[in-house]
Amino acid sequence: MDAERARIDMLARTLTEHNDKASQEGSGMKSIAVLTSGGDGPGLNATIRAVTRQALKKGVDVYGVQWGYRGLINGDISQFSSRDVGGIMGRGGTFLGTARCPEFKDVKVRRTAIRNLNQLGIDGLVVIGGNGSLTGALKLHEMGFPTYGVPASIDNDVSGTDRAIGVDTALNTILDAIDRIKDTASSHQRAFLIEVMGRDCGYLALASGLAGGAEMILVPERKGPSVEEIAEEVVDAYVRGKHHCIMVLAEGWEPGTQAVAEYLSAHKDDLGFEVRVTVLGYVQRGGRPSAFDRLLATRMGAFAANRILEGESGNMVALRGNKLKSYPLADAVAELRELDLALLGLAETMD
Ligand code: ADP
Ligand code: F6P
């Protein structure tokens, strides 16, 4: 039996070595680096873990870059072992750190970044981040350095993918807040303005407003309503006998939460409801990733590692339905992900 076991183990080892060699021959890569960049969110650590574990399994060395592109420029780059990414799947934030680094828009600065990677013998880079970060990844690819992207931004504003990593967790954080605010709004018969994140994209406002049963959802993708029309909606909810009036606004909606709050306050005697404002802010960026985000992060991270090791560059992993595919970075960063405005109509129907 022992001899047979030994023969099977030897065959398995030979097969693994053969696959590793075959996959490396796809790109010949012997080592890759991974970084997180831009606005952080839940699921980044799960993504780093998946990229690292998948590449190590293929016999490729993995380096972690701290503080996003700033760390790439400064050479904050160190080799990872499998243990370095242990126990991080369920942790929010990014243990590598992230940064906003506008100087990366300068080609001379990007040259330093590529020099730092080459000096360590790193053959490819996986970038985890939003639109801006993925634009930086595209620029590195265009300069000839193999780079592959993973979409991660709570705004869900990366086009080409149904979901980015972090969105589901942020959405549930917002929904929990809306449910809590509805409790006190009903107790006091009040109208609430709830501002959520989404610099240029109203996805979080739309999805959380619909799921939270909000009476009004305001997104940057749709002009209006005017502050006067908003006041009329509040009066209408009061006259219809509603116990509260919940209005969810994306921070990028114009003319903005403050403008509405001031107008409603100036006309408070006409509204029926007292009005209060809650800006959710940065709680939306933190927290332990949901099951959905952990699964998405693990799948996308492993997919990205495989693709860059097979020699792909200039693409990102995209979720389409429940399938993953490669999608060109040039297309992904050309425009923001389109908002499904039909959902806005559905929300108004539900009002
Ligand atoms: P996010 O990735 O969350 O959208 P940012 O828009 O701040 O966050 O982008 C993150 C980083 O990506 C920027 O700080 C910068 O280092 C890099 N970046 C953004 N746009 C570009 C660009 N046009 N060219 C090169 N690098 C860019
Ligand atoms: O891009 C994600 C995001 O959370 C936006 O929704 C928000 O407006 C922005 O980042 C905040 O940027 P910062 O973290 O640099 O203040």
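This is a short dialogue about reading a strand and some salt bridges in a predicted model.

Trainee: How should I read the numbering and the values here?

Mentor: Residues count from 1 along each chain as its sequence is written, while chains are lettered from A and ligands numbered from 1 in the order in which they are written. Because the model is predicted, local features need pLDDT of at least 70 and side-chain atom pairs pLDDT 80 or more, whereas totals for chains, interfaces and linings use all residues; side-chain values use heavy atoms, leaving out hydrogens and water.

Trainee: How many residues of strand 6 are buried?

Mentor: Buried means under 20% relative accessible area, exposed over 50%, and partly exposed in between (1.4 Å probe, protein chains only). Strands (E, at least two residues) and helices (H or I, at least four) are DSSP runs numbered from the N terminus. In strand 6, residues 190–196, 7 of the 7 residues are buried, so the strand is largely enclosed by the rest of the structure.

Trainee: Which strands pair with strand 6?

Mentor: Pairing requires at least two DSSP bridges between two strands. Strand 6 runs parallel to strand 9 over 6 bridges, and 6 bridges also join strand 6 to strand 8 in parallel. Arg-190 stands opposite Glu-274 in strand 9.

Trainee: What links the side chains of Arg-190 and Glu-274?

Mentor: A salt bridge, meaning a side-chain nitrogen of Lys or Arg within 4 Å of a carboxyl oxygen of Asp or Glu. For Arg-190 and Glu-274, the closest N and O atoms are 2.8 Å apart. The pair ties together parts 84 residues apart in sequence, because Arg-190 lies in strand 6 and Glu-274 in strand 9. Arg-190 is buried at 15%, while Glu-274 is partly exposed at 40%.
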